[in-house]
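Work through the exercises below with the structure open beside you. Try each task before you read its solution.

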Amino acid sequence: MIALLAVALITLLASIVPGPDFAMVTRNSYLHGRRAGLLAALGIALGVQVHVFYTMFGVGLIIASAPALFTVIKTVGAVYLIVIGWKTWSNRAGLVIDLHGGASVPRHTILLNGFLTNALNPKTTLFVISTYTQVVQPGTPLSVQFGYGLCMSAIHLTWFALVAIFFSQASFRLRMVKHQRTLDRLIGTLLMALGVLLACANMDKL
């Protein structure tokens with residue numbers, strides 16, 4: 001249960017940070033309405049599963065062949081959370097959302113764009129790997145590992161569905177972007193704190 005809560009918290013924090021996924025959902029919500037934003041959110045949630053599947057396969061191989069290396073990778077993953085936390089905290093670049101090209105777009109195209117935005121994002125690759133290596137242990141059943149992945153997708157879907165609902169309404173547009181600096185500092189601090197706690201726990205096991 002603790003591991004699942006850790007996955008949920010880290011995933012939620014990483015999802016809230018404005019980035020390509022956020023821009024994709026916001027843009028489609030602006031231009032094409034709530035349904036388009038929800039489709040983009042669904043595509044992003046499906047894209048997460050791409051990272052989950054190859055991470056599960058790779059982590060399983062490492063646990064079976066080199067347990068000591070796995071412990072080192074766990075520590076590196078925790079340090080990576082600290083790094084992305086610092087980058088989030090110190091971010092000074094505002095999110096730019098392209099609002100041109102408002103012509104009607106087929107639903108399957110929006111879904112595919114959301115999927116590719118997440119599936120091809122190298123930052124999501126590192127995030128999923130670093131998170132999985134913190135909670136997966138030798139002997140963790142595949143069903144539990146799949147559960148972690150479904151949790152990640154569910155949180156992405158829920159968060160970005162909320163983004164689509166709010167940003168398809170004029171009164172909420174750009175509110176989050178206006179307060180991006182404060183949001184970056186808060187989330188960055190939490191990610192760094194989680195990373196430090198996990199890194200200390202992993203160092204004790206080396």
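**Exercise 1. Locate asparagine 118 in this predicted model and decide whether it is buried or exposed.**

Step 1. Find the element. Asparagine 118 sits in helix α5.

Step 2. Check accessibility. Its relative accessible area is 0%. The cut-off for buried is under 20%. Asparagine 118 is therefore buried.

Step 3. List the contacts, skipping residues up to four places away in sequence. Asparagine 118 touches Asp21, Ile44, Gly47, Val48, His51, Thr124 and His156.

**Exercise 2. Describe the surroundings of aspartate 21.**

Step 1. Place the residue. Aspartate 21 belongs to helix α2, residues 20-32.

Step 2. Classify it. The relative accessible area is 9%, so aspartate 21 counts as buried.

Step 3. Collect its contacts, leaving aside neighbours within four places in sequence. They are Ile44, Thr117, Asn118, His156 and Phe160. Asn118 is the residue from Exercise 1, and its own contacts include Asp21.

**Exercise 3. Find how far leucine 116 and asparagine 113 lie from aspartate 21, by C-alpha atoms.**

Step 1. Start with leucine 116. This residue is in helix α5, residues 107-119. It is partly exposed, because its relative accessibility is 35%.

Step 2. Take the distance. The C-alpha atoms of leucine 116 and aspartate 21 are separated by 9.8 Å. Along the chain the two residues are 95 residues apart.

Step 3. Repeat for asparagine 113. Helix α5 holds this residue too. A relative accessible area of 33% makes asparagine 113 partly exposed.

Step 4. Take the second distance. From asparagine 113 to aspartate 21 the C-alpha separation is 10.0 Å, with their positions 92 residues apart along the chain.

**Exercise 4. Work out how α2 packs on α7.**

Step 1. Get the geometry. The axes come within 8 Å and cross at roughly 35°. The crossing is right-handed.

Step 2. Name the residues. From α2 come Asp21, Phe22, Val25, Thr26, Ser29 and Tyr30. From α7 come His156, Phe160, Val163, Ala164 and Phe167.

Step 3. Sort them by type. The contact of α2 with α7 has seven nonpolar residues, three polar and one charged.

Step 4. Identify the charged residue. Asp counts as charged, so Asp21 is the one.

**Exercise 5. Do the same for α1 and α7.**

Step 1. Get the geometry. Helix α1 (residues 2-16) packs on helix α7 (residues 142-167) at an angle of about 35°. Their axes are 9 Å apart. This crossing is right-handed.

Step 2. Name the residues. The α1 side has Ala3, Leu4, Val7, Ala8, Thr11, Leu12, Ser15 and Ile16. The α7 side has Tyr148, Cys151, Met152, Ile155, His156, Trp159 and Phe160.

Step 3. Sort them by type. The contact of α1 with α7 divides into 12 nonpolar, three polar and no charged residues.

**Exercise 6. Trace the largest nonpolar core and follow one of its residues, valine 52.**

Step 1. Count the members. The core has 39 residues. Those with the most contacts inside it are Val25, Val52, Tyr132, Met152, Phe160 and Val163.

Step 2. See which helices contribute. At least two core residues come from each of α1, α2, α3 (34-65), α4 (67-90), α6 (122-135), α7 and α9 (180-205).

Step 3. Zoom in on valine 52. Not counting residues up to four places away in sequence, valine 52 touches Val128, Tyr132, Gly149 and Met152.

Step 4. Look at threonine 125, in helix α6. Its C-alpha atom is 8.7 Å from that of valine 52, although the two are 73 residues apart along the chain. A relative accessible area of 21% puts threonine 125 in the partly exposed class. Beyond four places in sequence, threonine 125 touches His51 and Tyr54.

**Exercise 7. Set the UniProt record against the overall fold.**

Step 1. Read the record. The unreviewed UniProt entry gives "transmembrane region" at residues 39-61, 68-86, 146-166 and 186-204.

Step 2. Check two spans. Residues 39-61 are 100% helix and 0% strand, with end C-alpha atoms 34 Å apart. Residues 68-86 are also 100% helix and 0% strand, and their end C-alpha atoms lie 28 Å apart.

Step 3. Widen to the chain. The secondary structure comes to nine helices and zero strands. Buried residues make up 44% of the 206 residues.

Step 4. Check contact range. Among contacts with a separation of 6 or more, 88% join residues 24 or more positions apart.

How values were computed: Residues numbered from 1 in each chain as written. Predicted model: local features only at pLDDT ≥ 70, side-chain atom pairs only at ≥ 80, totals over all residues. Heavy atoms only, no water. Axes fitted to C-alpha atoms, helices over the stretch in contact; angles between N-to-C directions. Helix = DSSP H or I, 4+ residues; strand = E, 2+ residues; numbered from the N terminus. Left-handed = near helix turned anticlockwise from the far one by under 90°. Contact = heavy atoms within 4.5 Å. Buried < 20%, exposed > 50% of the residue type's maximum accessible area, 1.4 Å probe, protein only. Core = buried A, V, L, I, M, F, W, Y, C linked by side-chain atoms within 4.5 Å. UniProt positions renumbered as here; feature names shortened; annotations may be inferred.
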